[in-house]
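Please open the model in a viewer and keep the selection panel at hand. The tour below proceeds from one selection to the next.

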Amino acid sequence: MQKKLTTPLSEETVRDLKIGDEVLLSGTIYTARDAAHKKLVDMLEKNEPLPFDIKGSVIYYVGPTPARPGQVIGAAGPTTSYRMDSFVKPLLQAGMKGMIGKGGRSQPVLDGIKEHNAVYFGATGGAAALLAKTIKKAEVIAFDELGAEAVRKLLVEDMPLMVINDPEGNDLYIQGREKWARV
Amino acid sequence: MHSFNLLFNSVLTHFIMREIDVDHLAAVIAELSIEASTVANDDLVKSLQGALKNESSPVGRSVLGQLLENIDIAREEKTPICQDTGFTVVYLDVGQDVHFTGGDLTEAINRGVAAGYVDGYLRKSIVRNPITDPQNTGDNTPAIIHTHIVPGEKVGITLLPKGGGSENMSRLKMMKPADGVEGIRQFVIDTVSNAGGNPCPPTVVGVGVGGTFDHVAWLAKKAITRKHGQRSPNPKLAQWETQWLEEINKLGIGPAGLGGNTTSLELFIEEHPRHIATFPVAVNIQCHADRVKTRTI
């Protein structure tokens, strides 16, 4: 089923999502990958304010290429999500509702998604030029020193995603694979 | 007599050695870096188009369609196919009658990589001193350089920007000689199966067998530089390449790991003599952004 969603994500919106739903996401999202996650979680532990409002937020695991002159952003496809797994719990507790990445998540992340009524979206790994076209604005808002890994505020329009893990605890990677396995 | 010999040798060298300025090589490396990241090879496009025809899963077909559209956008807009523009691996086949002039060859290669990554707006992903003092080098250098001396007066350059996500799913195992072909087959299938959707399927699987601990990993990576559709000249290896690929594509992982019958586009095996006591096997996974560029100068 195709759904158009806008950020920030509400409890009701997330609750209605099911694995395999094709989502076109619009609104503001934030980027963070390995190094930025470490910094964000350190800030939460020290009770410092985060560089963006995390309530209802969606974090995109991406380290884009630099923009050419005249471009909003360079290539911007998802990075592999499992590397961020150990940082997910405190972010969910703080109010993050969605994550965008690629590849399977660990059981604690799946449990956290269920417990906090959140969602994990998959973007097609390696479709970086196509995904970049849905990004209308991009600005670095924190950790500029991290370069490609800095936290960016993105304005996206109809970004094509798929629900991989829904709040009921389903996993499209497992169920999709089981459906097509011939062994 | 001694000075005559020196003079004679230098004259001789002048006539039989082909001189190549390292600046020329640097310029070629810079061009190949940008081209590899933004322009997909025809053999890859054909391979993806073939997969689209054979894919049974509607979601899988939709992903393959996105990948082909992505390749078109990248080419038209000179945007990288993938934001991970990789660790630059350079294979140099240097003709033994070539004399490089104008400076240090390694420095020149790195100068070429830096120029390509800075001027081409490619991502700089290399961290120096990974455990003692991690810092991004800022220009994607140093490259990993493999140089081989071959007969002739030409230089063959193969450049492979290798992504980190698929590299992380690669494995090496020192097996026992008794494990045999069956052991290798199982290790290859398990490696792809455990990787699941992480390495951006449909992937290319490079398998190295034999040599030493380090050489087998080199072999597996060299295997993925082969063109799609090109089987091993060794009939036995060619047969296993086909059979194991079929088996992998029954795992169900599918495009982007969302389920389907295209988990890998290609499987290439390379073998090398081994020590009687050892049986090294390496599996190097390459994502669908299979970016290999070759040029001869």
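**Helix 2 of chain A and its surroundings**

Begin at Asn47(A), which follows helix 2 of chain A and has a positive phi, near 60°. The model is a predicted one, and every value quoted on this tour is computed from it.

Next, select residues 34–45 of chain A, which form helix 2. This helix has 12 residues, and the distance from its first C-alpha to its last is 17 Å, close to the 16 Å expected at 1.5 Å a residue. Display the side chains of Ala35(A), Ala36(A), His37(A) and Leu40(A): these residues of helix 2 are buried. To see what covers them, add helix 3 (85–94) and strand 7 (151–165) of chain A, which are included in that cover.

**The contact between the chains**

Now show both chains together. Here 40 residues of chain A are in contact with 41 residues of chain B. On the side of chain A that touches chain B, select helix 5 (128–132) and helix 6 (172–180), each of which supplies at least two residues. Which element of chain A gives the largest share of this side? Helix 6 of chain A does, with seven residues. Colouring the side of chain A that touches chain B by class gives 19 nonpolar, 14 polar and seven charged residues.

**Chain B as a whole**

Hide chain A and view chain B alone. Its secondary structure comprises nine helices and 12 strands. The radius of gyration of chain B is 21 Å, close to the 19 Å given by the globule rule for 297 residues, so chain B is as compact as a globular protein of that length. Along the principal axes, its C-alpha atoms fill a box of roughly 75 × 50 × 40 Å. Of the 297 residues of chain B, 45% count as buried. Among contacts in chain B between residues at least 6 apart in sequence, 81% join residues at least 24 apart.

**A four-stranded sheet in chain B**

Select strands 8, 9, 10 and 11 of chain B. They form an open sheet in the order 8-11-9-10, with mixed pairing. Strand 8 (171–175) and strand 10 (264–271) are the edge strands, each pairing on one side only. Neighbouring strands of this sheet are turned by 15° against each other on average, direction ignored.

Zoom in on strand 8 and strand 11 (residues 279–286) of chain B, which pair in the antiparallel sense over five bridges. Within this region, Met174(B) has Pro280(B), in strand 11, as its bridge partner.

Finally, add helix 9 (residues 235–248) of chain B. This helix lies across strand 9 (203–209) and strand 10 of chain B, and runs at about 145° to strand 10.

Definitions and conventions: Residues are numbered from 1 along each chain as its sequence is written. Chains are lettered from A and ligands numbered from 1 in the order in which they are written. This is a predicted model: local features need pLDDT of at least 70, side-chain atom pairs count only at pLDDT 80 or more; totals for chains, interfaces and linings use all residues. Two strands pair if DSSP finds at least two bridges between them. Axes are lines fitted to C-alpha atoms, for helices over the stretch in contact, and angles run from 0 to 180 degrees between N-to-C directions. Two residues are in contact if their C-beta atoms, placed from the backbone, lie within 7 Å. The radius of gyration is taken over C-alpha atoms; the globule rule is 2.2 Å times the number of residues to the power 0.38. A residue is buried if 20 or more other C-beta atoms lie within 10 Å of its own, exposed if 12 or fewer, and partly exposed in between; C-beta atoms are placed from the backbone. The expected span of a helix is 1.5 Å times one less than its number of residues. Ala, Val, Leu, Ile, Met, Phe, Trp, Tyr, Cys and Pro count as nonpolar, Asp, Glu, Lys and Arg as charged, and the others, Gly among them, as polar.
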